[in-house]
Amino acid sequence: MAPALQQPTPSETITIDASSESNNVTITGKIYTRVRLATKSDLSHIYQLFYQIHEYHNYTHLYKATESSLANLLFKENPLPLFYGPSVLLLEVSPTPFNEPTNEGFKPVLTTFDLKFPVVEGQVEEFRSKYDNKNDAYIAGYAFFYANYSCFYDKPGFYFESLYFRESYRKLGMGSLLFGTVASIAANNGFVSVEGIVAVWNKKSYDFYINMGVEIFDEFRYGKLHGENLQKYADKKEKNDQGSC
């Protein structure tokens, strides 16, 4: 279930240091957030965020994506119905309120968070939102998911591929908002589950998903056929095709 959302109210304390020299914005008091569906204008930010989660897990050597390949994956000319193809939700933050959302396929979710400590946006230009004309909105994190299917159910569910926040925006409760929004989309649109991989070594992440209501199945192990082992099957097919000539 998505967390209860509040409509923005005027912030009591906002401190902004947006000088070009520091490239910083410091937000105190309240921070305004918007969760929305990513658009093609977000490609450069998505590419950077996907790289950062690989960096967090020390997997940058496995990162093969380019902005062009991500465009082909996420924003096809003839896309699948909403939420059936690869989908990215972005969580944006701002020291000032967001405008009320207009009619869209997915209505952006607006809320506010009371800050217990200042939040510093240290990459103002790199992560400034390109979504609309609001120039003090910044990309804080994302959720990446898509429809999956199982013989256990007669309807699709969501495969929750990853959730990631830039370092400045961790430990603020925003992960619950973003994951809860994905769960709300699933529940309200006839999807039967939200499932994915939970890293057992990351206790904070593990506990987070447990607290969000995720059930862990210890009797199953994650398996993956990829790389050279996968390509062996392609080679076998080629040999079989040559042998049939």
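**Confidence, helix packing and hollows in the predicted model**

Averaged over the protein chain, pLDDT comes out at 88, and 86% of the residues reach 70 or more. The weak spot is easy to place: residues 1-21 have pLDDT below 50. That stretch still has 45 contacts in the model beyond near neighbours in sequence. Where pLDDT is low, though, the predicted coordinates should not be read in detail. The structure is a predicted model throughout, so those contacts are best taken with that caution.

Next, the helices. Two packed helices are described by the angle between their axes and the distance between the axes. Here helix 1 spans residues 43-56 and helix 2 spans residues 67-74, and their axes come within 10 Å while crossing at roughly 105°. Since angles of 65 to 115 degrees count as roughly perpendicular, helix 1 is therefore roughly perpendicular to helix 2. On the helix 1 side, the residues that meet helix 2 are Leu43, Ser44, Ile46, Tyr47 and Phe50. Helix 2 answers with Glu67, Leu70, Ala71 and Leu74. Sorted by class, this contact has 7 nonpolar residues, 1 polar and 1 charged.

Leu74 turns up again in the second largest pocket, where Leu74, Phe75, Pro79, Pro86 and Ser87 lie nearest the centre. This pocket has a volume of about 290 Å³, and its lining takes in 15 residues. Helix 2 and strand 3 (87-94) are the elements that give two or more residues to that lining. Its make-up by class is 12 nonpolar, 2 polar and 1 charged.

As for enclosed space, the structure holds 1 cavity of 30 Å³ or more, with a volume of about 30 Å³. Its lining draws on Asn148, Tyr149, Ser150, Tyr153, Lys155, Pro156 and Gly157, together with Val192, Ser193 and Glu195. Those residues divide into 4 nonpolar, 4 polar and 2 charged.

Definitions and conventions
Residues are numbered from 1 along each chain as its sequence is written. This is a predicted model: local features need pLDDT of at least 70, side-chain atom pairs count only at pLDDT 80 or more; totals for chains, interfaces and linings use all residues. Side-chain values use heavy atoms; hydrogens and water are left out. On a 1 Å grid over the protein atoms alone, a cavity is a set of points where a 1.4 Å probe fits but cannot get out, and a pocket is an open set with protein on both sides within 12 Å along at least five of seven lines; lining residues have an atom within 4 Å of a point. Grid points are joined across faces, edges and corners, and a volume is the space filled by probe spheres set on the points. Ala, Val, Leu, Ile, Met, Phe, Trp, Tyr, Cys and Pro count as nonpolar, Asp, Glu, Lys and Arg as charged, and the others, Gly among them, as polar. Axes are lines fitted to C-alpha atoms, for helices over the stretch in contact, and angles run from 0 to 180 degrees between N-to-C directions. Helices (H or I, at least four residues) and strands (E, at least two) are DSSP runs, numbered from the N terminus. Angles under 35 degrees count as roughly parallel, over 145 as roughly antiparallel, 65 to 115 as roughly perpendicular and the rest as oblique. Contact means heavy atoms within 4.5 Å. pLDDT is the predictor's confidence in each residue, from 0 to 100.
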